[in-house]
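Student: I have a structure open and would like to ask how its descriptive labels are earned. Could we go through them together?
Tutor: Gladly, here it is.

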Amino acid sequence: MQSLQSNPAVRGSFICQASPLNPLTKPNNTTASTQFIKSYNPPKDSTPLHLSNLEKLLQKQIPEPTHPDPRPPVLHKKSINGSTENKGRNLLESLNLARIWPEIKAAEEMSPRHMNRLQRLLSKTAEYSPRNNLGSRWLEYHGSKDWVGLLDPLDENLRREVVRYGELVQAAYHSFHSNPAMSTEEAPSHRYVALPDRSYKVSKSLYATSSVGLPKWVDDVAPDLGWMTQRSSWIGYVAVCEDKREIQRMGRRDIVIALRGTSTCLEWAENLRAQLVHMPGSDDSVSAHGDPKVECGFLSLYQTRGAHVPSLAESVVEEVKRLMELYKGETLSITVTGHSLGAALALLVADELSTCASQVPPVAVFSFGGPRVGNRGFANRINKKNVKVLRIVNNQDLITRVPGIFIGEETNEKKTNTTITKMLNVLDNNNPLAYSHVGTEVRVDTKMSPYLKPDADVACCHDLEAYLHLVDGFLASNCPFRANAKRSLVKLMNEQGPNVKKLYTKKLMSLNLERVAIPSSGCLPSPS
């Protein structure tokens with residue numbers, strides 16, 4: 001009605017007139033009606049043109065059927081299967097009525113209902129990182145080509161795989177903190193781990209033991225520390241994929257080793273032992289940059305045996321060999337993932353697993369917030385063994401910049417000057433703190449998140465949930481945070497509530513999310 005009122009020409013054509021064929025009309029109206037009909041003379045030159053254009057449009061819109069029906073087409077007002085209605089709709093679209101009534105078209109495009117529908121369609125993109133079939137490309141997503149072309153911009157399938165491995169590390173944290181104490185009198189019993197991905201099944205628990213101990217007077221001064229001072233602690237697990245559908249989707253059966261970060265006092269003490277030591281069994285010919293060396297504290301936690309538990313190295317190698325024999329003949333992969341201290345130990349685990357047998361499946365490491373582990377000789381040793389490492393690094397995370405002194409990490413890749421390379425080799429061999437990172441890097445930034453405060457504290461920048469939040473929102477290094485990021489903010493609120501912006505804190509509190517049970521997968525919708 002609004003369009004008819006605004007267009008006088010169209011409004012005049014819709015004036016209600018009496019029909020001369022109606023017997024109820026009076027004679028005096030018949031003359032007027034007849035005069036109106038006679039007075040309406042359509043333009044003679046435009047009618048053939050309109051019909052010609054309409055015929056051309058109909059020929060383009062209605063394709064010829066594959067199997068033509070010999071019967072003549074019959075047009076009904078309403079068909080059972082609705083095909084007549086669709087043809088009528090195509091006919092109306094071909095007429096292009098918007099050229100006659102442009103106000104109607106403009107009103108349709110600007111209506112809130114139309115805009116909301118358009119927004120929903122635009123939001124239903126592949127950026128939600130769905131569980132796509134990896135199939136024949138699983139080696140590429142596992143790092144066979146060092147993830148070339150998948151990192152910037154971040155591939156949707158790779159994003160989902162990285163977040164999934166991070167959630168497996170979160171399961172290790174939750175299992176440890178649910179029961180951190182460990183008996184000193186007997187061997188530990190089986191530990192239950194609530195995995196977020198039910199296609200995996202835990203096959204073995206892993207323990208790390210410190211080679212240093214606290215003096216006895218610590219127990220007298222602070223007897224309530226309990227598990228914080230124990231030498232051996234549960235640090236992770238070995239899991240294997242047993243779901244047939246997931247195995248088919250991933251293209252192989254995946255063996256995962258998930259390791260948590262620092263939690264006890266003695267683990268913190270081992271982290272501070274930053275001097276470099278030679279790796280047992282290292283060969284000078286393996287590395288072109290001298291002897292491979294690693295941090296003393298990390299190596300201690302990896303190789304030290306406990307009173308009732310084997311060392312982490314022994315447990316991992318024994319279990320992986322058993323699984324390789326159990327699933328002999330199948331396509332397998334070994335994925336080691338960890339956060340913080342677990343990321344450092346993951347490199348040591350992957351280094352040993354790559355040569356633990358004659359035919360070892362492809363080995364890859366997905367680490368979050370990992371510190372430096374060894375020197376350039378150790379980095380070269382990892383590369384020689386074809387171990388693929390993908391490091392997720394937060395630009396504001398200080399842990400990724402320690403321990404040691406930064407010496408020539410980028411120069412090792414460029415090799416532009418042989419003199420500089422020789423000087424760096426001399427420094428590597430003589431400097432006890434000459435550390436270097438390993439593998440390929442994906443760098444995220446806390447300041448890119450619209451939900452976290454730009455001045456978030458050190459704990460938030462190193463928190464695993466914050467890492468997964470940033471990875472889920474990462475598109476590319478030169479792009480803003482993904483607007484339709486899927487990961488929920490509820491977990492982030494629980495872990496780092498003071499570092500979330502007050503605007504979103506109020507939104508979440510207004511929804512009474514403290515009453516909502518948080519699923520382990522963390523897939524509640526975010527405020528975005």
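**Labels and their cut-offs**

Tutor: Let's start with a conclusion: H9 and H20 are roughly antiparallel to each other.

Student: What makes H9 and H20 roughly antiparallel?
Tutor: Their axes cross at roughly 170° and come within 10 Å. Angles over 145 degrees count as roughly antiparallel, under 35 as roughly parallel, 65 to 115 as roughly perpendicular and the rest as oblique, so the label follows. The axes are lines fitted to C-alpha atoms, for helices over the stretch in contact, with angles from 0 to 180 degrees between N-to-C directions.

Student: Where do these values come from, and how are residues numbered?
Tutor: This is a predicted model, in which local features need pLDDT of at least 70 and side-chain atom pairs count only at pLDDT 80 or more, while totals for chains, interfaces and linings use all residues. Residues are numbered from 1 along each chain as its sequence is written, and side-chain values use heavy atoms, leaving out hydrogens and water.

Student: Which residues make the contact between H9 and H20?
Tutor: With contact meaning heavy atoms within 4.5 Å, H9 contributes residues including Arg159, Val162 and Tyr173, and H20 contributes residues including Leu464 and Asp472. The residues of this contact divide into 7 nonpolar, 2 polar and 4 charged. Here Ala, Val, Leu, Ile, Met, Phe, Trp, Tyr, Cys and Pro count as nonpolar, Asp, Glu, Lys and Arg as charged, and the others, Gly among them, as polar.

Student: What makes Cys241 and Cys296 buried?
Tutor: Buried means under 20% relative accessible area, exposed over 50%, and partly exposed in between (1.4 Å probe, protein chains only). Cys241 has 0% and Cys296 has 12%, so both fall under the buried limit.

Student: How many disulfides does the structure hold?
Tutor: It holds 0 disulfides, a disulfide being a pair of cysteine sulfur atoms within 2.5 Å.

Student: Why is helix H16 called mostly covered?
Tutor: Because 7 of its 9 residues, 376-384, are buried, among them Phe378 and Ile382. H16 is a helix as a DSSP run of H or I with at least four residues; strands are E runs of at least two, and both are numbered from the N terminus.

Student: How do you know that S1 and strand S2 pair?
Tutor: DSSP must find at least two bridges between two strands, and 9 bridges join S1 to S2 (residues 232-241), so they pair. They run antiparallel, and Tyr207 has Trp234 as its bridge partner in S2.
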